[in-house]
Amino acid sequence: PQHIDGDLEKVVLSEQEIQSRLAEMAADIQRDYEGKDVLLVGVLKGAVMVMADLSRHLSRHVEIDWMDVSSYGSGTRSSGVVRIIKDLDADISGRHVLVVEDIIDTGLTLSWLVSNLRSRGPASVEICTMLRKPEAAKTDVDVKYVGFDIPNSFVVGYGLDYAERYRNLRVVATLAPHMYS
Ligand code: PRP
Ligand code: MN
Ligand code: MG
């Protein structure tokens, strides 16, 4: 398999598991949004793979837009205070927005993002995430579509990085402990 070397400990989700779950999620989305215009909003950079694959499992037209947000402060993880690095190009007022994420960890990023988006007067805002870590939650986020709930260990691949590496893995894997410097 691609890039599976000493840096990685164990494959958590195979390429096939990811793709077949995405196909199921796409079918749910297609059913729920029948007759409605949907704007998929990806959160850079992690959501790039999920967006590319999920959107191609949809057999209907959607628009795609992107936001890039970043936590303030010196902490390495989410503080809950977020600033917008790149805003949407689209005006979402009156529109059905589906936020696409790779992972919900503490939930702080999405909780901020959803309330930010809601303030713009969309018809609806829902969340679709490939991964969620229930044990890491610091706030409740109402998520409509979840690919997999996973344990609270450090995972990389399929968009998820460690120091900007491993995003291009086709699988989700745990990082070997010796990698945490
Ligand atoms: C990661 C991940 C989510 C967010 C989840 O993004 O892609 O967007 O953290 O964390 P939270 O639930 O604790 O807020 P990151 O900020 O690392 O940026 P990236 O997508 O560019 O890697
Ligand atoms: Mn991200
Ligand atoms: Mg990251």
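These exercises, each with a worked solution, concern a predicted model.

**Confidence**

Task: State how confident the predictor is in the protein chain and in the complex.

Solution. Start with the protein chain, whose average pLDDT is 93. Next, take the share of residues that score at least 70, which is 92%. For the complex, the predictor gives an ipTM of 0.97 and a pTM of 0.94.

**Exercise 1: Ile 18**

Task: Decide whether Ile 18 is buried or exposed, and list what it touches.

Solution. First locate the residue: Ile 18 belongs to helix H1, residues 15–32. Then count neighbours. Within 10 Å of Ile 18 there are 23 other C-beta atoms, and the cut-off for a buried residue is 20 or more. Ile 18 is therefore buried. Now leave out residues up to four places away in sequence; Ile 18 touches Leu 13, Tyr 158 and Val 172. As for Leu 54, it is 36 residues from Ile 18 in sequence, and their C-alpha atoms are 10.0 Å apart.

**Exercise 2: Helix H1**

Task: Check the span of H1 and work out how its buried residues are arranged around the axis.

Solution. Begin with the span. H1 has 18 residues, and at 1.5 Å a residue it should span 26 Å. The C-alpha atoms at its ends are 26 Å apart, so the two values agree. Next list the buried residues of H1: Ile 18, Leu 22, Met 25, Ala 26 and Ile 29. Viewed down the helix axis, these buried residues fall within an arc of 110°, so they line one face of H1. On the other side of the helix, Gln 16, Ser 20, Glu 24, Asp 28 and Arg 31 are exposed. Finally, identify the packing partners of the buried residues; among them are strand E1 (8–13), helix H2 (48–57) and strand E5 (96–104).

**Exercise 3: The three-stranded sheet**

Task: Give the strand order of the open sheet of three strands and name its edge strands.

Solution. The order is E1-E9-E8, and the pairing is antiparallel. E1 and strand E8 (155–156) are the edge strands, since each pairs on one side only. Look next at the join between E8 and E9: two bridges connect these antiparallel strands. There, Val 156 stands opposite Ala 173 in E9.

**Exercise 4: The nonpolar core**

Task: Find which members of the largest nonpolar core touch the most other members.

Solution. The core holds 44 residues, and those with the most contacts to other members are Leu 98, Val 99, Val 100, Tyr 158, Val 172 and Ala 173. By element, E5 supplies the largest share of this core, with six residues. Take Val 99 as a case. Setting aside neighbours within four places in sequence, Val 99 is in contact with residues including Val 41, Val 43, Leu 110 and Ile 127.

**Exercise 5: Unusual backbone angles**

Task: Locate a cis peptide bond, then compare the burial of Ala 163 and Tyr 166.

Solution. Most residues other than glycine have a negative phi, and most peptide bonds are trans. The bond from Leu 44 to Lys 45 is cis, with omega near -5°; Lys 45 sits in the loop between strand E2 (38–44) and H2. Turning to phi, Ala 163 has a positive value of about 50°, and Tyr 166 has one near 75°. Ala 163 lies in the loop between E8 and E9, as does Tyr 166. For burial, Ala 163 has 8 other C-beta atoms within 10 Å and is exposed, whereas Tyr 166 has 22 and is buried.

Technical notes:
Residues numbered from 1 in each chain as written. Chains lettered and ligands numbered in written order. Predicted model: local features only at pLDDT ≥ 70, side-chain atom pairs only at ≥ 80, totals over all residues. Helix = DSSP H or I, 4+ residues; strand = E, 2+ residues; numbered from the N terminus. Buried ≥ 20, exposed ≤ 12 C-beta atoms within 10 Å, placed from the backbone. Contact = placed C-beta atoms within 7 Å. Expected span 1.5 Å × (residues − 1). Arc of directions from axis to C-beta. Pairing = 2+ DSSP bridges. pLDDT = per-residue confidence, 0-100. Core = buried A, V, L, I, M, F, W, Y, C linked by C-beta atoms within 7 Å.
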